[in-house]
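Thanks for asking me to look this one over. I have put my remarks into numbered points, so you can go through them with the model open beside you.

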Amino acid sequence: MQLDISKIKRNLATRQGGFTLVEMLLVLVILATLAAVVIPKFAGRSKQAKVTAAKSQISNLEIAIDSFEIDMGYFPKGGNDLGDLIEEPNSNNVQDWHGPYLKKGIPRDPWGIDYVYDYPGKRNVGSYDISSSGPDRKTGTDDDITNWQTEDR
């Protein structure tokens, strides 16, 4: 019996042409299992990252407001207006203004809402209040992010 090498090569080539249905299903099961384990671990991180970003932005706003107060001798006017941190205010001691105190303008919180700035502060007496309504976008709820200490935090 004589071996036909070309026939053997053709048979090997046709057998190695692709994946079988069982192999494809096995890969899909493995990927689905990995996704079921990994996705829930990262899903809660987005909210936590936004809360951390809001706290950081409030700290940056505090630094800018305090720097303004050191230079000018007064805090920016209340009523949610921090424009004096960006543009020179119309006052007698404009020569003391060393701004802008925020390089990229006044930020919005991670949920796209303006921070609330009040001077004089209702919670920080003798100072100012800064707050974000937080993930639920409703002011006065437990998830608000503020520059004052609350009783339950």
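The points below go from the sheet to the aromatic pairs, the backbone and the salt bridges of what is a predicted model.

1. **The sheet.** Let's start with the strands. Three of them make up an open sheet, ordered S1-S2-S3, and the pairing is antiparallel. Strand S1 (116–118) and strand S3 (145–146) are at the edges; each has a single partner strand, so one side of each lacks a neighbour in the sheet. Between S1 and strand S2 (residues 129–132), the antiparallel pairing runs over three bridges. If you want a residue to look at there, Tyr117 has Ile130 in S2 as its bridge partner.

2. **The helix on the sheet.** Which helix packs on the sheet, and which strands does it touch? Helix H3 (residues 45–72) does, and it touches S1, S2 and S3. The direction of H3 makes about 155° with that of S2.

3. **A buried serine in the sheet.** Please have a look at Ser131, which sits in strand S2. Is Ser131 buried or exposed? Its relative accessible area is 10%, under the 20% limit, so Ser131 counts as buried. Leaving aside residues up to four places away in sequence, Ser131 touches Ile58, Tyr115, Val116, Ile145, Thr146 and Trp148. Of these contacts, Val116 belongs to S1, while Ile145 and Thr146 belong to S3.

4. **Aromatic pairs.** How many aromatic pairs are there? The count is six. One of them joins Phe68 and Tyr74: the ring centres are 5.5 Å apart and the planes stand at 85°, so this pair is edge-to-face. The angle is over the 60 degrees required, which is why the label applies. The two partners differ in exposure: Phe68 is buried at a relative accessible area of 0%, whereas Tyr74 is partly exposed at 30%.

5. **A pair across the chain.** Phe75 and Tyr119 form another aromatic pair, with 5.1 Å from centre to centre and 50° between the planes, and this one is tilted. It links distant parts of the chain, as Phe75 lies in the loop between H3 and S1 and Tyr119 in the loop between S1 and S2, 44 residues apart. Phe75 is buried, with a relative accessible area of 13%, and Tyr119 is partly exposed, with 33% relative accessibility.

6. **A ring cluster.** Phe68 and Tyr74 turn up again in a wider group. Ring pairs connect them with Trp97 and Tyr101, and the four residues make a cluster.

7. **Cis peptide bonds.** It is worth checking the backbone at two prolines. Most residues other than glycine have a negative phi, and most peptide bonds are trans. The bond joining Gly99 and Pro100 is cis, with omega about 5°, and Pro100 is in the loop between H3 and S1. The peptide bond from Tyr119 to Pro120 is also cis, with omega near 0°, and Pro120 is in the loop between S1 and S2. Tyr119 is thus a residue to view twice, since it also pairs with Phe75.

8. **A positive phi.** Arg137 is not a glycine, yet it has a positive phi of about 60°. Arg137 lies in the loop between S2 and S3, and it is partly exposed at 48% relative accessibility.

9. **Salt bridges.** Side chains of opposite charge can pair when their charged atoms come close. How many salt bridges does a search of the whole structure find? It finds two. In one, the side chains of Asp84 and Lys77 meet at 3.6 Å, N to O; Asp84 is buried at a relative accessible area of 9%, while Lys77 is partly exposed at 46%. In the other, Asp114 pairs with Arg108, and their closest N and O atoms are 3.0 Å apart. Here Asp114 is partly exposed at 41%, and Arg108 is partly exposed at 48%.

10. **An exposed lysine.** Last, Lys104 is in the loop between H3 and S1. With 85% relative accessibility, Lys104 counts as exposed. Lys104 and Ile86 are 18 residues apart in sequence, and their C-alpha atoms are 8.9 Å apart in space.

Conventions. Residues are numbered from 1 along each chain as its sequence is written. This is a predicted model: local features need pLDDT of at least 70, side-chain atom pairs count only at pLDDT 80 or more; totals for chains, interfaces and linings use all residues. Side-chain values use heavy atoms; hydrogens and water are left out. Two strands pair if DSSP finds at least two bridges between them. Helices (H or I, at least four residues) and strands (E, at least two) are DSSP runs, numbered from the N terminus. Contact means heavy atoms within 4.5 Å. Axes are lines fitted to C-alpha atoms, for helices over the stretch in contact, and angles run from 0 to 180 degrees between N-to-C directions. Rings of Phe, Tyr and Trp (its six-membered ring) pair if their centres lie within 6.5 Å; planes under 30 degrees apart count as stacked, over 60 as edge-to-face and the rest as tilted. Buried means under 20% relative accessible area, exposed over 50%, partly exposed in between (1.4 Å probe, protein chains only). A salt bridge is a side-chain nitrogen of Lys or Arg within 4 Å of a carboxyl oxygen of Asp or Glu.
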